[in-house]
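Q: Please take a close look at one part of this structure for me. I am new to it, so keep the sentences short and go step by step.

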Amino acid sequence: MKQTVTIEDKKGNRLIAGCDKSLCESCKGSFFCTSKKASFDVLNPDNIPLEKGDQAVIDMPSGKTLFTVFMSLGLPLLMFLPGYGIGALLSESEGIRLLTSLSGVALGFIISAIFFHIRRRKYTPVIIARKDGTE
């Protein structure tokens with residue numbers, strides 16, 4: 001998925017971009033997206049000359065986007081089931097089952113956060129061109 005962003009800050013090789021908020025209205029994933037509320041890092045492997053305020057086109061491959069959504073939301077939800085199962089083995093109490101289920105969800109979020117901390121560069125959007133078309 002290609003998207004136009006505005007470079008909001010430049011600190012050495014690190015670029016921070018923000019999305020055009022009007023694009024979020026037509027996006028199917030805008031309900032779950034946090035990029036409409038905050039800035040995010042982008043990579044510039046081709047060293048395209050960009051300054052603060054420039055517009056650029058970033059690429060977010062569909063496969064990586066889907067995997068990111070799965071890891072961020074799907075994994076914690078899937079961890080609910082083993083948590084519930086562990087709670088059922090430990091006790092007959094629904095309160096205990098609820099606590100172990102919620103612990104499973106929390107563990108899923110922790111695993112996801114650690115994964116993305118380790119693999120951050122692989123899942124960071126990449127600048128492919130300036131908005132005016134020059135590379």
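A: Start where helix 1 meets helix 3. On the helix 1 side, the residues in contact are Phe-67, Thr-68, Met-71, Ser-72, Leu-75 and Pro-76. On the helix 3 side, they are Gly-104, Val-105, Gly-108, Phe-109, Ile-111, Ser-112, Phe-115 and Phe-116. Sorted by class, this contact has nine nonpolar residues and five polar ones. It has no charged residues. Keep in mind that this is a predicted model.

Now the geometry. Two packed helices are described by the angle between their axes and the distance between the axes. Helix 1 covers residues 62–78, and helix 3 covers residues 94–118. They pack at an angle of about 155°. Their axes lie 7 Å apart. An angle over 145 degrees counts as roughly antiparallel. Helix 1 and helix 3 are therefore roughly antiparallel to each other.

Next, look along helix 1 itself. Helix 1 has a kink of about 40°. The kink is centred on Met-71, a residue that also takes part in the contact with helix 3. Met-71 is buried, and so are Gly-74, Leu-75 and Pro-76 in helix 1. What covers these buried residues includes helix 2 (80–90) and helix 3.

Cross over to Ser-112 in helix 3. Its relative accessibility is 6%, so Ser-112 counts as buried. Leaving aside residues up to four places away in sequence, Ser-112 touches Met-71, Ser-72 and Leu-75. Those three belong to the helix 1 side of the contact. Ser-112 thus meets Met-71, where the kink is centred.

Beyond the helices there is a sheet. Five strands form it, in the order 3-2-1-4-5. The sheet is open, and the pairing is antiparallel. Strand 3 (40–42) and strand 5 (126–130) stand at the edges. Each has a single partner strand, so one side of each is left without a neighbour in the sheet. Neighbouring strands are turned by 50° against each other on average, direction ignored. Strand 4 (residues 55–59) pairs with strand 5 over four bridges, in the antiparallel sense. Asp-59 stands opposite Val-126 in strand 5.

One last stop is the loop between strand 3 and strand 4, where Asn-47 sits. Most residues other than glycine have a negative phi. Asn-47 is not a glycine, yet its phi is positive, at about 50°. Asn-47 counts as exposed because its relative accessibility is 61%. Ser-112, by contrast, counts as buried.

Key: Residues numbered from 1 in each chain as written. Predicted model: local features only at pLDDT ≥ 70, side-chain atom pairs only at ≥ 80, totals over all residues. Heavy atoms only, no water. Axes fitted to C-alpha atoms, helices over the stretch in contact; angles between N-to-C directions. Helix = DSSP H or I, 4+ residues; strand = E, 2+ residues; numbered from the N terminus. Parallel < 35°, antiparallel > 145°, perpendicular 65-115°, else oblique. Contact = heavy atoms within 4.5 Å. Nonpolar A, V, L, I, M, F, W, Y, C, P; charged D, E, K, R; others polar. Pairing = 2+ DSSP bridges. Bend = angle between axes of the 7 residues up to and from the residue. Buried < 20%, exposed > 50% of the residue type's maximum accessible area, 1.4 Å probe, protein only.
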